[in-house]
Amino acid sequence: MTETRIQDLPGAMSRRDHPTVGVWNRLEGRPRTTDFGRALRVEVRDPLWMLARQWQLGEFRGTDGGSPVTATYSVTASPPGRFRSDTGPDGAPGPSGPLPPDRPLEAVAERRPLPFTFGAEPISFDLRLALGRRWLKLLARSPDLRSRRFGERYVELYPIALPDPANPADSARVAHPEVWAATQAVAGRRLDGYLLYLHLKGGGRAADGIDARRQRDELNALGPRLTGWFDDLIDQPSGADPQRPEGDSTWDPRRLEHRFSVSAAVPAGGERVLTAPEYPGGELDWHAFSVTPDATLGGTAPAPAPINRTVFPSPVRFSGMPLPRWWAVEDGRTNFAAVTPDSTDLARLIFLEFALVYSNDWYQLPCDLPAGTLASIQGLAVTDVFGQRRWITPADRGVGQNRQHWSMYTLNSLDSPGSPGSHGSLGDEPADDAGLLLPPGTPKVATGPALEDVVLVRDESANLVWGVEQTVRQATGEGRSGDEAAAETLAFRRRLHPPAAPDDPHAPVAYQVMSSVPENWIPFIPVHVPGDNRAVQLQRAAMPSEVDATPVRPRTTLLREGLDAGCPYFVNEEEVPRSGTRLTVAYNRTRTRTGRVVLWLSVHRTTGRGERSSGLSFDLLTTSTAEPGT
């Protein structure tokens, strides 16, 4: 065997001149088992191995980065001062105004007007009687007015009329036994305070129509006390007028959600507008808002003075967090070794990497801010153990692509008001220097029983969307099952219009044009959007009654939108998914930080429970019984 000396070993290997040359650059062990439990125990009887593991993990490696000792920051907390409803006429934003400082933002954003009539039919007799009783109490506090029995005169002037059992227009107060009994008990005996309230709000005086010569001024002085008491009792939208009865209500009946904007002053001057484009009601938090650039609500108040504080940073700790030293005894309640992620489980792998590698690199700073403010950090300086002072900038600043910016608890940016797709078109990137929003809300709200409960569901068999009134508002003010109310109304109509005696059948089968559905099922038919041959919207329609074929009208304010004014009602087709959507109207009550009680009526939207079938069918052959509709 001849030995050959290779002068240029790297070149020979790259050219493969001598294939017999072998190079070993790594030694690998061959374990006898797949269980590494004993190797990870770090048994105390092997201190040399323990020191080697510390060296492998880099605990003996020094760095020039010291731990933070103190941190000094400057933050500006500006309370929102302006409010605007974004559901004005023709979809344009309404006028802006000052945000009431003594109201939670949920109450201002969710409040809706109280319904007292459905067309010409009076409802809400609980509030009507409460207003009347309050007026009689005001009269009783004056001995002179009480002795002259002015209360009886007001009952005669503003009475509660007794409905006619033979009039179909009074079916809502006659068809239901509880409502009929309550109406009979108060008709002619109690005062309809809402009629007096309307008279006073319309510019009238309390003594109008009352024969009171010497007591006229005293009666007129009690009028503002009645209106002020009721206006403070239940919070309603402000700015209502005959042209826009909803006032500054934020409910958008076409999109089935609340839409509004608030603004707060910024240190650089001007204001920052925050818009809630899709607020379903219920819990209002920071994530419901987005920043609207280049927008203004007319706010001119300067930003408050910044808050400067020096605090001590503390390391972030969580249960099961690995300790920074190898020989420390860790908490065994969290076993990261039992986590077995798959190769495609990226979320779990990222979580494990953070928990095991970077968990000791985070610090938290205490920063107490007043509730109901928009906070912006003006500057942050950190001093470490070596005395080095560093200026900290936000993590989403600097060079690089926008997709690489890190952000958390930041607000998205909406399109500018003049650009296409505004009023709810979210941008892809967080807003620059948006700040941290702490909405001026309330931690706890007590919600009363549902007065109206409507479920919008899809019926693919009938190619319709149904508004099922599960709970309807009775004339006395409380909620009632929609199925029971519809059955009682149908029975009342049948008593007024009994069916004619059927003729003898001439054939064993009969032709039925259309089947019937319960009267609390209101149809919505698909129609084209004007000017578009592809887009579809849902229009409210009406089913004929089984008795007299008259159109069945909704009995909830949610589905009567525009009905009393003779206007059609449309809902965007995408607002009713296959899972459906549910709308609930109820009273809400809370107590502000000052102790004041706030009560308002609101709508809350939640997810439905899937599709439903109404059983509606056409062109049927039935047995010859001469039923209505054959």
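# Notebook: salt bridges, rings and a hairpin

**Entry 1: charged pairs.** I started with aspartate 252, which forms a salt bridge with arginine 255; their closest N and O atoms are 2.8 Å apart. This is a predicted model, so I'm reading computed positions throughout. Is aspartate 252 buried or exposed? Aspartate 252 is buried, because its relative accessible area is 7% and the cut-off for buried is under 20%. Arginine 255 comes out as partly exposed, at 29%.

Next I looked up arginine 103. Its salt-bridge partner is aspartate 102, and the closest N and O atoms are 3.2 Å apart. Here the arginine counts as buried, with 15% relative accessibility, while aspartate 102 counts as partly exposed at 33%. I then asked which residues are linked with these two in a network of salt bridges. The network holds Asp102, Arg103, Arg111, Asp235 and Arg596.

One more pair went into the book: glutamate 484 with arginine 480, the closest N and O atoms being 3.0 Å apart. Arginine 480 counts as buried at 13% relative accessibility, and glutamate 484 as partly exposed at 42%. For the tally, I searched the whole structure and got 24 salt bridges. A general reminder to myself: side chains of opposite charge can pair when their charged atoms come close.

**Entry 2: aromatic rings.** The whole-structure search for aromatic pairs gave 14. I picked out tyrosine 194 and tyrosine 197, which are 6.2 Å apart centre to centre with 25° between the planes. Why does this pair count as stacked? The angle of 25° is under the 30 degree cut-off, so the pair is stacked.

Where do the two tyrosines lie? I found both in helix α9 (residues 193–201), three residues apart, which is about one turn of the helix. Tyrosine 194 is buried, with a relative accessible area of 14%, and tyrosine 197 is buried too, at 9%. They also belong to one aromatic cluster, along with Phe116, Trp229 and Phe230.

I checked for charges over rings as well. The charged end of arginine 128 sits over the ring of phenylalanine 125, 5.6 Å from the ring centre. Arginine 153 has its charged end over the ring of phenylalanine 150, 4.5 Å from the centre.

**Entry 3: strand β8 and its neighbours.** How many residues of β8 are buried? Eight of the nine are, so I've noted this strand (residues 271–279) as mostly covered. β8 pairs with strand β7 (residues 257–265) in the antiparallel sense, over seven bridges. Within that pairing, I located threonine 275 of β8 as the bridge partner of serine 261.

β7 and β8 make a hairpin with five residues between them. In the turn, I noted glycine 269, with a positive phi of about 100°.

β8 also pairs with strand β9 (residues 290–292), again antiparallel, over three bridges. Leucine 274 stands opposite valine 291 in β9.

**Entry 4: a nonpolar patch.** Last, I turned to the surface. Phe318, Phe354, Leu356, Val357, Tyr358 and Trp362 make a nonpolar surface patch of about 540 Å². I followed up on tyrosine 358, which lies in the loop between α11 (346–356) and β12 (363–364). Its relative accessible area is 40%, so I've entered tyrosine 358 as partly exposed.

Terms used. Residues are numbered from 1 along each chain as its sequence is written. This is a predicted model: local features need pLDDT of at least 70, side-chain atom pairs count only at pLDDT 80 or more; totals for chains, interfaces and linings use all residues. Side-chain values use heavy atoms; hydrogens and water are left out. Rings of Phe, Tyr and Trp (its six-membered ring) pair if their centres lie within 6.5 Å; planes under 30 degrees apart count as stacked, over 60 as edge-to-face and the rest as tilted. Helices (H or I, at least four residues) and strands (E, at least two) are DSSP runs, numbered from the N terminus. Buried means under 20% relative accessible area, exposed over 50%, partly exposed in between (1.4 Å probe, protein chains only). A charge sits over a ring if NZ of Lys or CZ of Arg is within 6 Å of the ring centre and within 35 degrees of the ring normal. Patches are made of residues with over 30% relative accessible area and no salt bridge: like charges are joined within 9 Å, nonpolar side chains (Val, Leu, Ile, Met, Phe, Trp, Tyr) within 5 Å. Accessible areas come from the Shrake-Rupley method with a 1.4 Å probe; for residues, only the protein chains shown count as cover. A salt bridge is a side-chain nitrogen of Lys or Arg within 4 Å of a carboxyl oxygen of Asp or Glu. Two strands pair if DSSP finds at least two bridges between them.
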